[in-house]
Amino acid sequence: MKHYSLLRVVAMLFITAAVTPVSSGVVDDYAVGREGASLKRTLRNHCAPSAMIDVVSMPWETYFEILAAMQTDDAAMVVDGVTARACTMADARMSLTTCNVIDKSWFGFPADYKNKSVCDLYNGLLTCADVVQARSSGEGFASVAGASEVVPASGWSRGVIDLDGWSMPVVEPADAMKGMIARRMFYMGTIYPCSIWCADGEKFFGGAEYPGLSDFSIGTYLVWHRSWPVADSERRCNDEVERRQGNRNPFVDYPDLAEYLWGEHAGKPYPGADAPGGDDDDPSAGVRIPLRGVYSISDKWIDFYSPYVPENASWSIDGRGVTDSRVSPADLGPGAHELKYRSGVSSGKLIIKIVP
């Protein structure tokens, strides 16, 4: 029987990931064991679009059809992305128009990100002309509770909130759309670097790569995310976007990621969607993290574990046998290290790299 070494298996995985669309499983492949800034950085690296379509140059009607396919429900009705009103495709062509979750005015330099934001389908919505007009100055989505100048409309509202001493006009979507919009904001704040935000974008995303959302946004969108969980319509949207630009919104496939980045488990290693063990205080406790090629010196541990290696394998690192099931990257130090395993039926090795 022929057995692949760990190094060869990892290389095959990287090659596969580079030439195929990102599947929902990419989070379990790369994000497990990461925490905080490392987790967010990993999601950016592996969940960004791989083949954006040029929606600027295509006919408006074609772009409309793409967004309509993303917003179609079980009854084949097109759902307004802000007001939640459902209508037939024929009515949608008459009453809905295109809109961005995040306006181009929020993007600073480099200017290329403005074009990318327009083309990223997760930043696109169909909604009614009244909402588009209300957001004509780049207004963001937020609750109008306690706001001034509140104007209720059919399924949505607008008003002016006080944020850090600034009077900021905002739009509050229908309840049914709040969870979806929150997860789009999570996606945009994760995939795009914080250095590009300007104008109102700075108020919503803050100035640090991690957490990448302002305290105001975390407080608003986590409530929306928890109160209105992922619906089948969002999963269908993920499928549609993946087909066109090669990536998925990880916060739709893995809603608990938000809790590990900004919520009740912030700062704890992400255990994966189907991880066993753990407890209410630390869901990641007892979770074995599969070996990978690169670790940070700040990572808590390296587990001598891989689904490709028999459970009874013995391990060595840099020629020294090990008896523990894990080792701290800080104990090994920066640089390349050779891990070897041997069992009764197979053997192999993996070169890992620990970076500062």
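Trainee: At roughly what angle do the axes of helix α4 and helix α11 cross?
Mentor: This is a predicted model. In it, α4 covers residues 60-70 and α11 covers residues 232-245. Their axes come within 8 Å and cross at roughly 140 degrees.

Trainee: Which class does that angle put the pair in, oblique or roughly antiparallel?
Mentor: Roughly antiparallel needs an angle over 145 degrees. The crossing here is roughly 140 degrees. Therefore α4 is, relative to α11, oblique.

Trainee: Which residues of α4 make the contact with α11?
Mentor: On the α11 side, the contact uses Ser233, Cys237, Glu240, Val241 and Arg244. The contact residues divide into 5 nonpolar, 1 polar and 2 charged. From α4 come Ile66, Ala69 and Met70.

Trainee: How does α3 lie against α8, roughly perpendicular or roughly parallel?
Mentor: Helix α3 spans residues 36-47, and helix α8 spans residues 175-191. Their axes are 8 Å apart, at an angle of about 90 degrees. The range of 65 to 115 degrees counts as roughly perpendicular. So α3 is, relative to α8, roughly perpendicular.

Trainee: Which residues in α8 meet α3?
Mentor: The α3 side offers Lys40, Leu43, Arg44 and Cys47. This contact divides into 4 nonpolar, 2 polar and 2 charged residues. The α8 residues are Tyr187, Gly189, Thr190 and Ile191.

Trainee: Which strands stand at the edges of the sheet?
Mentor: The sheet is open, has 4 strands and shows mixed pairing. Its order is β5-β8-β7-β6. An edge strand has a single partner, so one side of it is left without a neighbour in the sheet. The edge strands are β5 (140-141) and β6 (148-152).

Trainee: Which residue in β8 stands opposite Gly140?
Mentor: Strand β8 covers residues 166-172. β5 pairs with β8 in the parallel sense, over 2 bridges. Opposite Gly140 stands Val170.

Trainee: Which helix gives the largest share of the largest nonpolar core?
Mentor: That core has 75 residues. Leu43, Ile102, Met185, Trp197, Phe205 and Trp262 touch the most other members. The largest share is 9 residues, and it comes from α8.

Trainee: Which residues does Trp197 touch, not counting those up to four places away in sequence?
Mentor: Trp197 is one of the core residues that touch the most other members. Its contacts include Glu202 and Gly206. The full set is Ile102, Trp106, Phe107, Met188, Tyr192, Glu202, Phe205 and Gly206.

Trainee: How many residues are in the other core?
Mentor: This core lies apart from the largest one. Among its members are Ile302, Leu339, Leu350 and Ile354. Its size is 15 residues.

Terms used: Residues are numbered from 1 along each chain as its sequence is written. This is a predicted model: local features need pLDDT of at least 70, side-chain atom pairs count only at pLDDT 80 or more; totals for chains, interfaces and linings use all residues. Side-chain values use heavy atoms; hydrogens and water are left out. Axes are lines fitted to C-alpha atoms, for helices over the stretch in contact, and angles run from 0 to 180 degrees between N-to-C directions. Angles under 35 degrees count as roughly parallel, over 145 as roughly antiparallel, 65 to 115 as roughly perpendicular and the rest as oblique. Contact means heavy atoms within 4.5 Å. Ala, Val, Leu, Ile, Met, Phe, Trp, Tyr, Cys and Pro count as nonpolar, Asp, Glu, Lys and Arg as charged, and the others, Gly among them, as polar. Two strands pair if DSSP finds at least two bridges between them. A nonpolar core is a set of buried Ala, Val, Leu, Ile, Met, Phe, Trp, Tyr and Cys residues joined through side-chain atoms within 4.5 Å. Buried means under 20% relative accessible area, exposed over 50%, partly exposed in between (1.4 Å probe, protein chains only).
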